[in-house]
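Work through these exercises with the structure open. Try each task before you read its solution.

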Amino acid sequence: MTKKPSFQLDDSFTVVETALLPTSFKEELGLEVGRKPKKLFLSILKETGFSSSDLKDVSLNGWNFKFAAQKQNGYLSIQVDLASNKKNIKPVNRYQLLVEAANDIIFEIDSEGFFTYLNPAALKISGYKKKEILGKVFLKVIRPDWRARTVEFYMNQMSNSIASTYFEFPGITATGEEIWIAQKVQLLEDEKGIIGLMAVGRDITEFKLADEALRRSEEKYRGIIQNLEAGLMEVDTDEKIQYVNKAMAEIVGYSIEDMMGNNASDLLLDVESRKVIDEEHKKRDEGSGSVYEVKLTHKNGNPLWTLISAAPVFGVDGKRTGSIGIHLDVTESKKNLKELEFTKNRLSKYKEGLELINEITSNTELSYQEQLSQGLITAASYLELPVGIISSIENNEYKIEDYFLKEDNGSLSKGLIFDFKKTYCEMVYTHETYIAIDHFTKSKHSGHPCYDLFKLETYIGAPYYVNGEKRGTVNFSAPNPREIHFDSFDTEFINLLSKWVGSIFNQMETQDTLASERKALGQRNEELFRQRNFLNAINKFVTKLLDKDDLEELAWEIAENVIDNFGFEDCVIYLLDEEARVLNPVAVFGAKRGKKREILNPIQIPVGEGIVGAVAAKGIPELVNDTSKDKRYIVDDARRYSELAVPIIADNKVLGVIDSEHHKKNFFSSEDQGTLTTVANLAATRLKIAKSKAKERELNELKSRFIAMASHEFRTPLTTIKQNAGLVAHKLEKEIPESYNNYDKFLKRIDSEIGRVTLLMNDILTLGRIESGRIEITKQPVDILALCEGVIRHRGQNWLDGRKVGLTVKGTVRQVEIDEHLFDHIITNLMSNALKYSVGKPDPEITLNFEDDRQLSLSVKDYGIGIPEKDQKGLFESFYRATNVKNIQGSGLGLSIVKEFVEMHEGNIEVISQSNQGCEVIVKMPY
């Protein structure tokens, strides 16, 4: 250890160590570990050269001292000599130093309760600075709800001059944290009286929290123990009960009060159980716990089996003070175990009995009769009864089919007949259920006449059935009562045995009919095969029908792909001409078919004539087994003797007839009629749709021709009028110029109206072409931005009121797959509407939005008259115009055409508008 004052610096002049230097000296020179000395002293230090061992005199701020500096082991070591120092330093108060350095909380308060002193430990734990707390009232650091009792405690100490006290209270730090303080408080007094208190305290927060946790834990576990479903009991070494919970008291039937303090063995154990407990107490004496079963005695005297988990209890001196045990009531479990053991034995016996019966059944060397005999012997052995009988019952006669006698005395024989009413089996047979009686004279059936005849005390029997028909009984009996009651195993065994007997008789009776059943099965398989082929044909037919829309295509599909699968040799499909009321053949199968889906020598059949005409008239199928006997039969290419005709009906209307013929008489069956009817029903809906589409195509064609004709007829006179109006204008201007201005406005009006009618005709023609399916869409990559710019440049500039159309682009411009001609029409129409219905308002705007990766959005927005909400539903209907358009010209066709063109591009159109708030039309379509 260094004996002289010194300090060390590293090569950066940072203080690394100090020794035996006064605190005030260290503060004056800045000698704090980890920092550099003050600059003035450091400059003096550097002047020494660090190599001399001679002491250098220094006078610095009242300090007179000497020092020598030299390098040692990589550090600069400075020795200090303070012997010549004359600076005035107060003498050390050693007791104050002890208080200041103490880890305990030490403070003083005056008689009014104001702080007069706090040591550093007190300041640190309170979180206050000295100037914040000195002179403040002591109660400031006490939790509000404890202030009154704290004042009362210390007022009592001072009032009664109690020299020293101990008190615990919760305090509140400057940061609001709660801490618990335990303190001893000493009176401070002088010759004039008590001047205050001095306290020495410690932070006991951790102990308080642990104590509180322990208290809560004890309360929790006390509650758990008290509410345990298992019984808990503690006894001392003399077996006196020290504690018992509610569950334990309920298990043994006593109250807690009745048990406390009593000897547990005297109260709850019999002699045998005491022996068990004595052995267990020996384990407690050895300090071991154990789990064991013991029989207790309930308060009502009944035995009570409990499973006990016990352990020794020790005192603070390490000596055993008693035992504690958890008790589970296992009385019911013990009972269930006995029952289970009994059940296991019965189940084993039951299984053996069934296995024996199964072995008999599996023995192919035994005849059915031998199986019955062996079964009777096995069953009688299982039931431990000496008599077994299989009977048949008919017309009140009880006939023995087979029997077993343990001691055959000749009293029974096969074929022996008894009066059915005088047998126990009468009850079984009549009520169609088993009966099991182990002591007949004590049963409710004791008056039965069978007992008087045979004196049988034990009886068990059940009816058996053959092919669902009740035939007789299987029964076993004995002259003496049965010692063990019949149980569910016995009744289940007799029921299974009766079913087995019924199955044996069933096999005996059906043995002779197996061959015929096999034959019937073969026929059934053939039928199933035929039905499978039919279903396959129907399935293929339905699949092909889905792709057919043409009437004749459907008819030929029926003839070619269905009829052939049913083995028919001739079939004709007729369709009804409603106007002419005749049936026209449209497809055939058989001899009348030509090489390429043509009918050889087709004949037309009026409705009502022949078998086919009659079916069309009535809408009811007809099956004729011999056409030679039916005057309605019409000979076509050859006479055939069987005919089957079924109507094709949809919506209760006959669309046609499927007619099939065969050269054999009685060829068609009702199944064939059902088959052909199924085909007709399946075809009916598709034929109806095809017929409807054919008529639609015809109407569209007619409409298209009419519109083309009307357009042509209108265009010719309109062109003539326009040309003549132009000639009149030219003539007036050249020959009568002074009158030209008077007529110019009329001529311009004629020209304007001709233009409007021409546009209307163009729209009508376009709509007609759409409806007739004559407009085809041809998509190709198009620069839609350039398309919009072109439409605006050619059709949107120089509007009458000088307005223009703005164009905004969002996202990255890209080419879009569209029909350029159709999309030109869409943009032109929407832009024209925006200009037309917003005169005098701000310029309309077109926005192209490419921001969505999957679809393009085209928005055309104006700030004009808008569209009333009530008018928006019909906006896309042909010739529909909103109610607020007044005298603004228009046909009401533009938006309906736009919508059609948008939908042809697989897009959708939306209108957002309010009256007098402008209108925005948004078209969205996939890229």
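**Exercise 1. Find what share of the protein chain's residues count as buried, then survey the chain.**

Solution. The model is predicted. Start with burial: of 927 residues, 39% count as buried. The cut-off for that label is under 20% relative accessible area. Next, take the surface. The accessible surface comes to about 54,200 Å². Carbon and sulfur atoms own 51% of that area. Now count elements: the chain has 24 helices and 34 strands. Finish with contacts between residues at least 6 apart in sequence: 52% of these join residues at least 24 apart.

**Exercise 2. Describe how β3 and β4 are joined.**

Solution. Locate β3 at residues 56-60 and β4 at residues 63-72. The two run antiparallel, and five bridges join them. Pick one position: Ser59 of the hairpin region faces Asn64 in β4. Then check the turn. Two residues lie between the strands of this hairpin. Asn61 takes a positive phi there, near 50 degrees.

**Exercise 3. Work out the strand order of the open five-stranded sheet, and explain which strands have a free side.**

Solution. Read the order first: β12-β11-β15-β14-β13, with antiparallel pairing. β12 (241-244) and β13 (290-297) are at the edges. Each has a single partner strand, so one side of each lacks a neighbour in the sheet. Neighbouring strands are turned by 30 degrees against each other on average, direction ignored.

Now follow β13 to its partner. Eight bridges join β13 to β14 (residues 303-314). In one of them, Glu293 has Leu307 of β14 as its bridge partner.

Last, add the helix. α11 (residues 271-285) lies across β13, β14 and β15 (320-329). Helix α11 runs at about 150 degrees to β13.

Technical notes
Residues are numbered from 1 along each chain as its sequence is written. This is a predicted model: local features need pLDDT of at least 70, side-chain atom pairs count only at pLDDT 80 or more; totals for chains, interfaces and linings use all residues. Side-chain values use heavy atoms; hydrogens and water are left out. Two strands pair if DSSP finds at least two bridges between them. Helices (H or I, at least four residues) and strands (E, at least two) are DSSP runs, numbered from the N terminus. Buried means under 20% relative accessible area, exposed over 50%, partly exposed in between (1.4 Å probe, protein chains only). Contact means heavy atoms within 4.5 Å. Accessible areas come from the Shrake-Rupley method with a 1.4 Å probe; for residues, only the protein chains shown count as cover. Axes are lines fitted to C-alpha atoms, for helices over the stretch in contact, and angles run from 0 to 180 degrees between N-to-C directions.
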